[in-house]
Amino acid sequence: MSPESAEIPVVLLDRRRSARRRSAEPAAQVLDDVVRTHLPGLVRYATVLVGDGHTAADLVQEVLLRAHVRWQRIALMERPDLYLRRMVTNEHLSWRRRWHVRTIHPASDDVLAAHAPPQGDHAEAAARDDVMWQHLASLPPRQRTVLVLRYYENLTDPEIAQVLGTSSATVRSHAARALATLRHTDLTTPPETR
């Protein structure tokens, strides 16, 4: 056999890399679409959880960096947005564990106004929001998270359970305890109708 007639070896590694690149491009595009659609809601949700828009943006950025690494698996889910909310919740709770003594300050009127639709009397709405945030800040983190997901994000109990990685019964239990606590501190909280 002469050198001219020898077979040219095929390097499978290059084919695998190009196949990975082709399969990664649509997933990255889907991630971009999901982020464009759900980023404002994720930042709003994180802001209500932590009480500070800048810290919330950092938290969401950290979550999206972690999601980007695992996006091939996350993209296969029916509702990747709920998984991202779960990641935001877990990151928030882990930040609270890492920073043992972390003071949560109510958001300023400017932050609340930026995330709320226009209302008739801004002063009244801001005062109501401030009082509500003080009551929410007094709740344990999981109870606060359940109320935020239920009443601010309008998620159902099964969706909240998926975000928290727990059962719907546990979600209802957290909500009932949180609402009982809020009723005890503020008698103007209406009874739960669910």
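These legends go with a set of close-up views of a predicted model.

**Figure 1. The whole chain is built from helices, with nine of them and zero strands.** Follow the protein chain along its sequence and the pattern reads α-α-α-α-α-α-α-α-α. Of the 194 residues in the protein chain, 34% are buried. Take the contacts between residues at least 6 apart in sequence: 63% of them join residues at least 24 apart. As for the surface, the protein chain exposes about 12,200 Å², and carbon and sulfur atoms supply 56% of that area.

**Figure 2. Helix α6 packs against α7 at an angle of about 140°.** Helix α6 covers residues 122-137, and its axis sits 10 Å from that of α7. With that angle, α6 counts as oblique to α7. On the α6 side, M132, W133, L136 and A137 make the contact, and on the α7 side the partners are R144, L147 and Y152. Sort these residues by class and you get six nonpolar, no polar and one charged.

**Figure 3. Helices α7 and α8 cross at roughly 135°.** Here α7 runs over residues 141-152 and α8 over residues 157-164, and their axes come within 10 Å. Angles over 145 degrees would count as roughly antiparallel and those from 65 to 115 as roughly perpendicular, so α7 and α8 end up oblique to each other. The crossing of α7 past α8 is right-handed. Look for R142, T145, V146, L149 and R150 on α7, which meet D157, I160, V163 and L164 on α8. This contact between α7 and α8 is a mix: five nonpolar residues, one polar and three charged.

**Figure 4. Helices α8 and α9 cross at roughly 100°.** The axes of α8 and α9 come within 8 Å. That crossing angle makes α8 roughly perpendicular to α9. From α8, the residues to pick out are D157, P158, I160, A161 and L164, and they meet S168, V171 and R172 in α9. By class, the contact of α8 with α9 has five nonpolar residues, one polar and two charged.

**Figure 5. E159 is a buried residue of helix α8.** Glutamate or not, E159 has a relative accessibility of 19%. The cut-off for buried is under 20%, which is why E159 counts as buried. What does E159 touch, once residues up to four places away in sequence are set aside? The partners are R79 and L82.

**Figure 6. A169 is a partly exposed residue in helix α9.** Helix α9 spans residues 168-185, and A169 is found within it. The relative accessibility of A169 is 44%. Buried would need a value under 20% and exposed one over 50%, so A169 counts as partly exposed. To link this view with α8, find P158, which belongs to the α8 side of the contact with α9. The C-alpha atoms of A169 and P158 are 9.1 Å apart, with the two residues eleven places from each other along the chain.

Methods: Residues numbered from 1 in each chain as written. Predicted model: local features only at pLDDT ≥ 70, side-chain atom pairs only at ≥ 80, totals over all residues. Heavy atoms only, no water. Axes fitted to C-alpha atoms, helices over the stretch in contact; angles between N-to-C directions. Helix = DSSP H or I, 4+ residues; strand = E, 2+ residues; numbered from the N terminus. Parallel < 35°, antiparallel > 145°, perpendicular 65-115°, else oblique. Left-handed = near helix turned anticlockwise from the far one by under 90°. Contact = heavy atoms within 4.5 Å. Nonpolar A, V, L, I, M, F, W, Y, C, P; charged D, E, K, R; others polar. Buried < 20%, exposed > 50% of the residue type's maximum accessible area, 1.4 Å probe, protein only. Areas by Shrake-Rupley, 256 points an atom, 1.4 Å probe, with all protein chains shown as cover.
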